[in-house]
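This report covers the surroundings of the bound ligand and one patch on the protein surface.

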Amino acid sequence: MPKIAFVNGSYRNIHKASIEIEDRGFQFADGVYEVIALTNDVLIDLDFHLDRLNRSLTEINIKWPMSRESVMAICAEVIRRNRLTQGSLYIQITRGVTARDFSYPNGIKPSLVIYGRRSRNNQASSKAQGIKVISTRDIRWGRCDIKSISLLASVLAKTQANHKIAQEAWLLNEDGFVTEGASSNAWIVPRPNVIQTHPVNSSILSGITRLRTIKLAQEQSIKVIERPFSINEAKKAKEAFLTSSTLFVQPIVNIDGSQIGDGEIGSTTKTLIKSYLDFMD
Ligand code: PMP
């Protein structure tokens with residue numbers, strides 16, 4: 001079955017769809033995006049993702065190319081045309097097409113691309129063994145709260161991790177504190193039933209899975225501390241995990257070659273994995 005994407009007003013085979021070379025997303029990464037998990041035909045926390053998209057657009061002064069309701073209708077149509085049930089949806093809005101110039105004129109029409117990706121089963125993290133992460137310097141810009149399509153620093157960090165047979169890179173600020181992962185939020189369990197993550201500010205993306213995990217933790221009487229932790233604290237933690245829309249709650253058993261806890265998935269992380277999977281069901 002051909003994969004169909006929505007690109008600037010029409011539904012196209014993804015291999016034939018095209019963007020103009022003077023689209024500012026292509027030339028300047030002048031745009032924002034969202035990735036939303038699809039489980040059993042349902043887009044997980046769609047409203048939160050669209051709220052964050054709205055915030056990202058507002059922060060960089062791009063207008064919605066159409067109403068939020070119309071974007072939702074296109075998401076549903078992309079899912080229908082591709083017969084997707086499990087996977088994820090990608091939404092990208094760029095400032096649009098104009099003659100190449102660093103500063104942008106007013107009144108350009110934003111570009112909108114929406115397409116989906118099938119994945120076998122979103123329950124992966126329930127069976128996970130735990131992944132490895134490495135740490136590396138956070139060389140990103142000062143507005144990581146905006147979900148910008150400018151992802152070069154994260155591309156390099158993640159590739160560095162993969163070369164070291166790790167699945168994620170934790171990014172360290174100049175004081176040795178973990179801000180977040182290249183494409184996920186970072187968490188430790190300093191003691192059982194207590195979870196700790198970086199507070200929301202311009203150094204991190206306010207993850208939708210992070211937000212959902214906080215709500216689920218509170219329901220389970222797990223204490224949530226929003227305070228930065230150092231890489232050394234992380235290595236000494238009882239447990240560690242990451243959260244993202246594609247990996248959900250993903251246990252971490254090794255950081256920079258140091259085993260975390262006893263190298264098995266800990267009980268607090270297990271509780272959160274189960275809560276998140278139950279929530280999605
Ligand atoms: N931080 C960064 C830098 C990310 O790229 C992502 C995933 N896009 C996240 C955190 C997790 O966000 P979410 O839970 O909304 O997927």
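## Residues around the ligand

In this predicted model, 17 residues surround the ligand, and those that come nearest are Lys147, Glu180, Ile208, Thr209 and Ser245. By type, the shell around the ligand consists of nine polar, four charged and four nonpolar residues.

## Polar contacts and burial

Two side chains and one backbone position are described here. The side chain of Glu180 places an N or O atom 2.6 Å from a nitrogen atom of the ligand. Ser245 has a polar side-chain atom 2.7 Å from an oxygen atom of the ligand. For Ile208 the contact is made by the backbone: one of its N or O atoms is 2.8 Å from an oxygen atom of the ligand.

The ligand on its own would expose 390 Å², of which the protein buries 92%. Three elements each supply two or more residues to the shell around the ligand: strand 9 (178-181), helix 5 (208-219) and strand 13 (239-244).

## A nonpolar surface patch

Ile139, Leu151, Leu152, Val155 and Leu156 together form a nonpolar patch of about 470 Å² on the surface. Within this patch, Ile139 belongs to the loop that runs between strand 7 (131-137) and helix 4 (152-163).

Is Ile139 buried or exposed? Its relative accessible area is 59%. The cut-off for an exposed residue is over 50%, so Ile139 counts as exposed.

Note on methods. Residues are numbered from 1 along each chain as its sequence is written. This is a predicted model: local features need pLDDT of at least 70, side-chain atom pairs count only at pLDDT 80 or more; totals for chains, interfaces and linings use all residues. Side-chain values use heavy atoms; hydrogens and water are left out. Patches are made of residues with over 30% relative accessible area and no salt bridge: like charges are joined within 9 Å, nonpolar side chains (Val, Leu, Ile, Met, Phe, Trp, Tyr) within 5 Å. Accessible areas come from the Shrake-Rupley method with a 1.4 Å probe; for residues, only the protein chains shown count as cover. A salt bridge is a side-chain nitrogen of Lys or Arg within 4 Å of a carboxyl oxygen of Asp or Glu. Helices (H or I, at least four residues) and strands (E, at least two) are DSSP runs, numbered from the N terminus. Buried means under 20% relative accessible area, exposed over 50%, partly exposed in between (1.4 Å probe, protein chains only). A residue is near a molecule or strand if one of its heavy atoms lies within 4 Å of it. A polar contact is a pair of N or O atoms within 3.5 Å; within protein, one must be able to donate a hydrogen and the other to accept it, and residues adjacent in sequence count only if both atoms are side-chain atoms. Ala, Val, Leu, Ile, Met, Phe, Trp, Tyr, Cys and Pro count as nonpolar, Asp, Glu, Lys and Arg as charged, and the others, Gly among them, as polar.
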